[in-house]
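Please walk me through the pockets of this structure and the way its ligand is held, taking the surroundings of the ligand before the wider space.

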Amino acid sequence: MSEDSVNRPRHIAVIMDGNGRWARSRGAPRAHGHQAGFRTTRDIVEACAKLQIESLTLFAFSSENWKRPEKEVGFLLDLFLRALQSEVAKLHENKVRIQFIGDRTAFSDKLQLQMSEAEKKTLNNDGLKLAIAVNYGGRWDIVNAAKKIATDVQQGKLQVDDIDQTLFGEYISLSHLSEPDLFIRTGGEKRISNYLLWHLAYTELYFTDVLWPDFNEEEIKRAINYYSGRQRRFGKTGDQVVNNDA
Ligand code: IPE
Ligand code: IPE
Ligand code: MG
């Protein structure tokens, strides 16, 4: 099948897992794995832009990752800050639009400022839509949406009867993007780990044992290829889908 004729995902959501095990297998500290994982992230963003994927959402730090040793959390946040400082200009040049999802109030003022500046600078870019989930949790996202809806009801901007799935979806993160078509988790675990719980309702799931620092363009093409072989039925029968029945 030629690259053009495959059914391609518009939006890919990734859990970038396996940095620690990658480092351990080399007898190196976990930080070394995160550093290598960062290089993979850079390559995969570039590959997705090249493959003309519309949206890419990456899980960089979960709301549960604060439970890690203080030193590792510190390293990850520092790496995140350094990545923002070193990468945003190039991403902007490549027309990438950057957005962060998650509860950013937990971060230092400096980090929050870098995040909002990156968003502002790239707001009007029409290339790859890159969303980075930091201090993100799917349950937090749902609760946060519920709170915002409740506030709007309280202020009379909304009626309870207005609340349906479409409206709820407008209050949740990534509301301006199409739903993820393909979910990829590297590192061998087969779980969602509180990622995009609302959004993954009908996403195709792809799990690979490849550790994140070893993931590359060839591997993402393999995942896209897997996706292109799926029949998405959304509750219908296979015949209905083939015959394009309403
Ligand atoms: C993913 O790799 C990176 C983050 C969660 C920040 P891990 O650090 O979870 O790597 P493993 O799962 O321990 O190998
Ligand atoms: C999920 O990976 C979070 C990120 C990749 C940022 P974890 O390594 O934290 O997931 P669990 O704890 O093994 O489920
Ligand atoms: Mg892990």
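Which element gives the most residues to the shell around ligand 2? In this predicted model, that element is strand β2, which spans residues 55–62 and contributes four residues to the shell. The full set of residues surrounding ligand 2 consists of I15, M16, D17, F59, A60, F61, S62, N65, R68, R185, R191 and S193. Sorted by class, this shell holds five nonpolar, three polar and four charged residues.

Within that shell, several side chains place polar atoms beside oxygen atoms of the ligand. For S193, a polar side-chain atom lies 2.6 Å from an oxygen atom of ligand 2, while for R191 the corresponding distance from a polar side-chain atom to a ligand oxygen is 2.7 Å. D17 also takes part, with a polar side-chain atom 3.1 Å from an oxygen atom of ligand 2. As for the extent to which the ligand is covered, ligand 2 on its own has 390 Å² of accessible area, and the protein covers 79% of it.

From the ligand we can move outwards to the space that holds it. Ligand 2 occupies the largest pocket, whose volume is about 1200 Å³. A total of 50 residues line this pocket, and those that lie nearest its centre are M16, N19, F59, A60 and F61; of these, M16, F59, A60 and F61 also belong to the surroundings of ligand 2. The lining draws on several secondary-structure elements, since at least two residues each are supplied by the helices α1 (19–24), α2 (30–50) and α3 (70–93) and by the strands β2, β3 (97–101) and β4 (129–136). Whereas strand β2 gives the most to the ligand shell, the largest share of the pocket lining comes from α3, with 10 residues. In terms of residue class, the lining of the largest pocket divides into 27 nonpolar, 10 polar and 13 charged residues.

A further pocket completes the picture. The second largest pocket has a volume of about 240 Å³, and it is lined by 15 residues, among which Q165, G169, I172, E179 and W198 are the closest to its centre. The lining of this second largest pocket comprises six nonpolar, seven polar and two charged residues.

Taken together, the description centres on the largest pocket, where ligand 2 is found, with side chains of D17, R191 and S193 each bringing a polar atom to the stated distance from a ligand oxygen.

Terms used
Residues numbered from 1 in each chain as written. Chains lettered and ligands numbered in written order. Predicted model: local features only at pLDDT ≥ 70, side-chain atom pairs only at ≥ 80, totals over all residues. Heavy atoms only, no water. Near = heavy atom within 4 Å. Polar contact = N/O pair within 3.5 Å; in protein donor to acceptor, adjacent residues only side chain to side chain. Areas by Shrake-Rupley, 256 points an atom, 1.4 Å probe, with all protein chains shown as cover. 1 Å grid on protein atoms, 1.4 Å probe; cavity = no way out; pocket = protein on both sides within 12 Å on 5 of 7 lines; lining within 4 Å. Sits in = over half its atoms within 2 Å of the grid points. Nonpolar A, V, L, I, M, F, W, Y, C, P; charged D, E, K, R; others polar. Points joined across faces, edges and corners; volume = space filled by probe spheres on them.
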